[in-house]
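Visitor: I would like a close look at a single part of this model, the place where two helices from the two chains pack against each other, together with what lies around it. Please take it slowly and keep the geometry explicit.

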Number of protein chains: 2
Amino acid sequence: MEALKKRILTDGSIEEGNVIKVDNFLNHQIDIDLLNDIGREFKERFASEKIDKILTIEASGIAIAVIAAQYFNVPVVFAKKTESKNLDAETYESNVYSYTRDKTYTIRVSKKYLRENENILVIDDFLANGKAVEGLIDIIGKASCNLVGIGIVIEKGFQKGGDSIREKGIKLESLAIVERIEKNKLVFR
Amino acid sequence: MEALKKRILTDGSIEEGNVIKVDNFLNHQIDIDLLNDIGREFKERFASEKIDKILTIEASGIAIAVIAAQYFNVPVVFAKKTESKNLDAETYESNVYSYTRDKTYTIRVSKKYLRENENILVIDDFLANGKAVEGLIDIIGKASCNLVGIGIVIEKGFQKGGDSIREKGIKLESLAIVERIEKNKLVFR
């Protein structure tokens with residue numbers, strides 16, 4: 001998606017540890033017009049699929065998922081990272097290791113909101129090592145839902161998450177894939 | 001907002017400790033059509049105000065804020081509850097006490113995304129004791145921005161957050177105000 005790549009080059013930055021910082025328009029301050037372009041692009045890329053629900057994970061996935069959901073006419077469910085009084089006792093859970101924070105956390109989705117045989121599209125902002133997405137796939141399996149595919153805004157192609165998902169035969173659509181970071185510049189695949 | 005109140009009565013539930021549970025359509029599974037109705041309603045109620053930016057707080061505020069932002073044609077900024085490598089070192093901070101979790105946490109907004117004299121509309125899902133909103137107001141003050149008003153989906157009118165904000169002369173628009181909970185039934189103001 002050219003407009004997105006251009007925006008990443010213009011407004012993104014590279015921080016220590018190959019962190020790609022896009023908090024100017026994607027995950028702290030949010031450009032709603034760009035999000036709508038992203039939502040339309042996901043709809044095009046999954047146009048031939050039957051999708052009943054979009055699944056994402058708090059926090060930054062939520063903005064992207066709800067705007068995209070308008071083009072699919074489906075509800076969104078977001079996995080929670082923290083326990084909450086507002087969450088049902090009956091949940092599907094998965095443990096996710098975060099490289100960024102160097103700790104394992106549990107993600108949870110209420111059993112009520114993933115029903116058997118529902119067709120699920122996963123949407124998230126970033127894909128690097130793929131641990132968060134693996135957790136969502138695990139939950140989709142536990143709920144006996146069908147994983148239709150995965151839509152990612154920015155994939156770090158030099159980390160192993162994307163390839164590992166593709167090897168499993170899962171349809172993965174990443175709107176911008178960073179192939180490598182060369183002398184503090186991003187090179188897209 | 002009648003459609004919202006009806007939906008709360010139909011799909012919401014009351015849990016121990018006067019928790020109003022609306023995870024069926026608002027803060028776990030999300031009904032995008034209802035969110036669009038909510039966004040349009042906020043736009044109507046703040047139609048006469050000049051708004052440059054919507055400020056909310058992760059996680060459940062994000063979905064509401066980004067859908068509403070489409071009617072205001074402004075970007076969204078969400079305050080973060082956790083420290084992150086993706087967050088600038090230079091932030092406005094405020095400490096927020098959570099009654100639900102019985103602990104104090106720090107919310108942060110990068111100084112880059114709140115500029116002096118910007119006109120800010122605060123949007124969130126719930127208002128009870130008002131601590132989260134007070135934290136956002138504190139940050140808006142520290143950033144020398146103008147607080148235009150506060151838009152809340154569900155206010156617990158029997159807790160003191162709403163009245164305390166109104167007493168300060170701040171424009172507060174709550175789309176559904178629960179006056180009291182009587183024999184396990186919600187009574188709206």
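**The H3 pair and its surroundings**

Guide: In this predicted model, the crossing of H3(A) and H3(B) is right-handed. The two helices, each spanning residues 60–72 of its own chain, pack with their axes 8 Å apart and at an angle of about 50°, and H3(A) and H3(B) are therefore oblique to each other. On the side of chain A, the residues that take part are Ile62(A), Ala63(A), Val66(A), Ile67(A) and Gln70(A), and they meet Ile62(B), Ala63(B), Val66(B), Ile67(B) and Gln70(B) in H3(B). By character, the residues of this contact divide into eight nonpolar and two polar, with no charged residue.

Just ahead of the helix in sequence, the backbone deserves attention in each chain. In chain A, Ala59(A) lies in the loop between strand E4 (53–57) and H3, and the peptide bond that leads from Glu58(A) to Ala59(A) is cis, with omega near 0°. In chain B, Ala59(B) is found in the loop between strand E4 (53–57) and H3, where a cis peptide bond, with omega about 0°, joins Glu58(B) and Ala59(B).

From the helix one can pass to the nonpolar interior. In soluble globular proteins, nonpolar side chains tend to be buried together. Here the largest nonpolar core has 81 residues, and those with the most contacts inside it are Ile38(A) and Ile38(B). Setting aside neighbours within four places in sequence, Ile38(B) is in contact with Ile64(B), and also with Met1(B), Leu4(B), Leu26(B), Val153(B) and Leu175(B). Apart from this core lies another, of 27 residues, which includes Tyr113(B), Ile139(B), Cys145(B) and Ile152(B).

A further residue of chain B shows how a buried side chain is surrounded: Ile8(B), which is found in helix H1 (residues 2–11), has a relative accessibility of 1% and, because buried means under 20%, counts as buried. Not counting residues up to four places away in sequence, Ile8(B) touches Val22(B), Phe25(B), Ile154(B), Ala176(B), Leu186(B) and Phe188(B).

Two loop residues of chain A, finally, add a backbone detail. Ser144(A), in the loop between helix H4 (131–142) and strand E9 (146–156), has a positive phi near 55° although it is not glycine, and at 37% relative accessibility Ser144(A) counts as partly exposed. Lys183(A), in the loop between strand E10 (172–182) and strand E11 (185–188), likewise has a positive phi, near 45°, and Lys183(A) is exposed, with a relative accessible area of 82%.

Technical notes: Residues numbered from 1 in each chain as written. Chains lettered and ligands numbered in written order. Predicted model: local features only at pLDDT ≥ 70, side-chain atom pairs only at ≥ 80, totals over all residues. Heavy atoms only, no water. Axes fitted to C-alpha atoms, helices over the stretch in contact; angles between N-to-C directions. Helix = DSSP H or I, 4+ residues; strand = E, 2+ residues; numbered from the N terminus. Parallel < 35°, antiparallel > 145°, perpendicular 65-115°, else oblique. Left-handed = near helix turned anticlockwise from the far one by under 90°. Contact = heavy atoms within 4.5 Å. Nonpolar A, V, L, I, M, F, W, Y, C, P; charged D, E, K, R; others polar. Core = buried A, V, L, I, M, F, W, Y, C linked by side-chain atoms within 4.5 Å. Buried < 20%, exposed > 50% of the residue type's maximum accessible area, 1.4 Å probe, protein only.
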